[in-house]
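Trainee: I would love a close look at one part of this model. Could you walk me through it slowly?

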Amino acid sequence: MARKDLLKSVIGQPTDPPVDGGRSSYAMRGASKSMKVSIDSLAENSKRLLEGETIVEIDPALIDASFVNDRLSGDDEAFEELKASIASSGQDTPVLLRPHPEAANRYMVVFGHRRVRVARALGRPVRAVVKEMDDVAHVLAQGQENTARADLSFIEKALFARNLHDLGQAKEVIQQALTIDGTLLSRMLSVAGTVPGHVIAAIGPAKQIGRDRWEDFKKLMAVKSNVTVADRILATEGFDQLDSDTKFEILHSKVTEAGRAPRRRAAKATPAKRTWTAGEGRIKGVIGRAGRAYTISLTSKDSAGFGAFLSENLDQLYAEYLSQSEETSTS
């Protein structure tokens with residue numbers, strides 16, 4: 001399917017432009033020319049997916065989650081608010097489903113997963129629009145609907161991008177799904193690929209933590225010893241009861257603090273050295289000791305001859321050393 005027709009296939013509009021010159025679909029407005037689509041446009045596209053379609057009621061027991069996760073846990077407050085609203089006023093906005101690609105008579109969520117959860121919790125059917133679509137159209141609709149609501153945090157978007165990448169989706173498709181450029185996608189993939197998954201899961205969505213903070217935290221997590229520090233903090237009693245943003249702040253602060261004084265190698269002791277001169281300067285030497293090593297370096301006019309003399313008489317000199325040592329020990 002041509003790139004410009006990807007979202008058209010989801011919306012169900014014809015490939016040819018409208019005769020009345022009215023406003024064209026998202027793809028025809030230039031998604032292939034620019035990844036910078038306004039939030040208002042994305043919201044409009046999400047509505048178009050549902051407008052004019054038959055709304056049906058479906059048992060939530062027949063609905064499975066999207067094949068790619070776009071959220072972290074830790075959003076219980078928002079869920080409870082939505083649950084209370086639907087319980088009192090009903091489900092105003094339908095969810096978008098697709099026939100399950102691998103299971104007959106079942107459905108897969110494209111977007112609206114929290115409304116499905118609420119319906120399941122309330123024991124009532126889900127109001128939904130069901131559309132046939134392939135995986136690419138699915139991720140475009142799912143990603144752009146979430147972006148339109150400004151509902152996902154940076155780290156959730158980064159994980160969504162990483163999940164799509166791991167599933168083999170092209171970077172171009174991921175960029176369109178999240179309406180980001182290649183540079184930001186690379187940064188997202190780097191963060192999601194460097195910060196250990198269990199650390200991200202423990203922190204949660206961290207709605208108030210943006211890209212720069214996560215990139216800084218990524219640099220800390222690139223150091224293996226810092227991951228050990230983070231694991232120790234995660235295991236602290238009561239940590240899991242904190243809100244998501246506080247968890248991030250504490251981890252970032254404690255890991256940064258632990259890394260402020262990196263271990264430095266102890267400076268090697270400078271070997272003790274002395275100089276020796278004889279024969280009115282005809283022979284000079286530098287004598288040094290480092291641990292068990294003892295060195296003599298000879299220079300000047302007689303250095304070669306005297307060096308040869310020493311090497312030829314080492315046995316005799318060592319014997320004299322032993323003799324003197326024995327005399328000293330017995331005296």
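In which helix does S244 lie, and what surrounds that part of the chain?

Mentor: Happy to. First, a word on the source: this is a predicted model, in which local features need pLDDT of at least 70 and side-chain atom pairs count only at pLDDT 80 or more, while totals for chains, interfaces and linings use all residues. Residues are numbered from 1 along each chain as its sequence is written, and side-chain values use heavy atoms, with hydrogens and water left out.

Now to your residue. S244 lies in helix α12, which covers residues 244–258. Helices here are DSSP runs of H or I with at least four residues, strands are runs of E with at least two, and both are numbered from the N terminus. S244 has a relative accessibility of 14% and counts as buried; buried means under 20% relative accessible area, exposed over 50%, and partly exposed in between, with a 1.4 Å probe and protein chains only.

What does S244 touch, leaving aside its neighbours within four places in sequence? The partners are I203, G204, P205 and A206, where contact means heavy atoms within 4.5 Å. Two of these partners offer backbone atoms to polar atoms of the S244 side chain: the oxygen of I203 lies 2.6 Å away, and the nitrogen of A206 lies 2.7 Å away. Both are polar contacts, that is, pairs of N or O atoms within 3.5 Å; within protein, one must be able to donate a hydrogen and the other to accept it, and residues adjacent in sequence count only if both atoms are side-chain atoms.

A206 deserves a pause of its own. It sits in the loop between α9 (197–203) and α10, and its relative accessibility of 0% makes it buried. Its phi is near 45°, a positive value in a residue other than glycine.

From that loop we can move on to α10 (residues 211–221), whose axis comes within 11 Å of that of α12 and crosses it at roughly 45°. Axes are lines fitted to C-alpha atoms, for helices over the stretch in contact, and angles run from 0 to 180 degrees between N-to-C directions. The angle makes α10 oblique to α12: under 35 degrees counts as roughly parallel, over 145 as roughly antiparallel, 65 to 115 as roughly perpendicular, and the rest as oblique. The crossing is left-handed, meaning that the near helix is turned anticlockwise from the far one by less than a right angle; clockwise would be right-handed.

On the α10 side, R213, W214, D216, F217, L220 and M221 take part, and they meet F248, E249, L251, H252, V255 and T256 of α12. By class, this contact has seven nonpolar, two polar and three charged residues. Here Ala, Val, Leu, Ile, Met, Phe, Trp, Tyr, Cys and Pro count as nonpolar, Asp, Glu, Lys and Arg as charged, and the others, Gly among them, as polar.

For another positive phi, look at T179, with a value near 50° in a residue other than glycine. T179 lies in the loop between α7 (171–178) and α8 (182–194) and is buried, at 15% relative accessible area. The preceding α7 is mostly covered, with six of its eight residues buried.

Finally, the wider setting: the protein has 14 helices and eight strands, and 37% of its 331 residues count as buried.
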